[in-house]
Amino acid sequence: MLPIGDGKGRQSIGNLSLFDSLSADQLHLLANVSLNLTKNLQGVTEVLPEEKVRVEANIPFLRDNANSTLTHFDFQWEISTIDEDTGQFFPLVVLADKERNITISSLQVPVGFTFIRVSAVPKNAKQPLSYDFGFIRILPRLQASVNGPAVAIKGDGAVLLNSVISGELSDSFGNKADKVTFLWSCQVENSRSSNLTISSESRYDNLQTNASSECFDPGILNSTREQSLSFNPDLLTANKTYIFNVLVSQGRRSVTASHKIRVDSNISLSIR
């Protein structure tokens with residue numbers, strides 16, 4: 001693993017002739033570069049899919065004297081991904097950016113924990129004056145689908161729908177993952193009403209009933225807040241197609257999946 005150190009990164013200035021234009025007080029302040037990121041993996045900054053995060057190298061003196069001081073320094077940025085199973089750091093990659101602030105897109109960095117280090121490097125010098133580091137976490141995309149039959153026959157018993165998810169987070173490096181939650185709803189295809197919440201007000205949930213008469217109401221056989229949903233097609237109207245939606249959420253991420261089922265009558269044929 002990389003020798004992270006204490007985050008101060010103070011090194012010998014070396015040839016002071018490089019800093020003739022800066023006072024001793026300015027040099028002391030510049031030795032305190034810091035990032036706007038946490039230095040441990042607990043409470044790390046999380047970046048959603050397709051989201052960008054702005055990483056800033058904060059130097060007290062530069063805030064008030066940016067024009068007179070920035071011309072004397074470059075900022076060297078390096079990143080490394082971390083194996084969540086072993087904690088091992090992959091080799092550092094040097095970025096082309098030389099600015100004091102950079103923007104990192106979740107589309108450019110692999111999913112998982114990323115180590116970021118910045119060095120304040122004087123112009124025409126090889127050694128940085130100071131450095132700091134921090135961590136971000138690129139979150140995976142939460143995905144969901146619904147497994148179930150395409151046709152439900154009245155009289156054939158209950159129908160089971162199951163939501164299949166991927167991209168859910170588990171506990172990692174002391175970060176406790178948010179619970180994955182589910183909420184089912186239904187609507188009749190081509191109905192003017194949409195996203196009608198399935199009622200399960202009796203012994204399962206305290207959800208308010210706002211499903212139309214076209215969408216089943218008392219036919220739920222389990223809670224609408226579980227990963228699977230079971231219902232009785234006898235309470236639906238034959239020759240109609242119903243759309244079942246499930247909203248899957250974990251923390252700040254959410255996704256909706258849908259499944260269509262056509263309800264048919266139980267037709268018995270006999271040969272005379």
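**Close-up views of a predicted model**

**View 1. Strands S1 and S3 meet in an antiparallel pair.** In this predicted model, S1 and S3 are joined by two bridges. Leu35 stands opposite Ala57, a residue of S3. The pair belongs to an open sheet of three strands, ordered S1-S3-S6. Pairing in this sheet is antiparallel. Strand S1 (34-35) and strand S6 (101-105) are the edge strands, each paired on one side only. In general, strands of a sheet pair through backbone hydrogen bonds, either parallel or antiparallel.

**View 2. The largest nonpolar core holds 22 residues.** Which members touch the most others? They are Leu161, Trp184, Phe231, Phe244, Val246, Val248 and Ile261. Strand S11 (159-166), strand S12 (181-188), S14, S15 and strand S16 (253-264) each give two or more residues to this core. A second core, of 21 residues, is separate. Its members include Leu35, Val47, Ile102 and Leu129. Leu35 is thus shared by two views: it belongs to this second core and stands opposite Ala57 in S3. Nonpolar side chains tend to be buried together in soluble globular proteins.

**View 3. Glu50 has a positive phi.** The angle is about 65°, although Glu50 is not a glycine. Most residues other than glycine have a negative phi. Where does Glu50 lie? Glu50 sits in the loop between strand S2 (45-47) and strand S3 (52-58). Is the residue buried or exposed? Glu50 is exposed, and its relative accessible area is 55%.

**View 4. Asn239 also has a positive phi.** Asn239 is not a glycine, yet its phi is about 65°. The residue is found in the loop that runs between strand S14 (228-231) and strand S15 (240-250). Asn239 counts as exposed because its relative accessibility is 52%, and the cut-off for exposed is over 50%.

**View 5. Confidence varies along the protein.** The average pLDDT is 76, and 68% of the residues score at least 70. Strand S9 (residues 143-147) has the highest confidence, at a mean of 96. Strand S13 (residues 196-197) has the lowest, at 43. Residues 1-20 have a pLDDT below 50. The model gives this stretch 36 contacts beyond near neighbours in sequence. Over residues 194-213 the pLDDT also stays under 50. Here the model has 46 contacts beyond four places in sequence. Where pLDDT is low, the predicted coordinates should not be read in detail.

Notes. Residues are numbered from 1 along each chain as its sequence is written. This is a predicted model: local features need pLDDT of at least 70, side-chain atom pairs count only at pLDDT 80 or more; totals for chains, interfaces and linings use all residues. Side-chain values use heavy atoms; hydrogens and water are left out. Helices (H or I, at least four residues) and strands (E, at least two) are DSSP runs, numbered from the N terminus. Buried means under 20% relative accessible area, exposed over 50%, partly exposed in between (1.4 Å probe, protein chains only). Two strands pair if DSSP finds at least two bridges between them. A nonpolar core is a set of buried Ala, Val, Leu, Ile, Met, Phe, Trp, Tyr and Cys residues joined through side-chain atoms within 4.5 Å. pLDDT is the predictor's confidence in each residue, from 0 to 100. Contact means heavy atoms within 4.5 Å.
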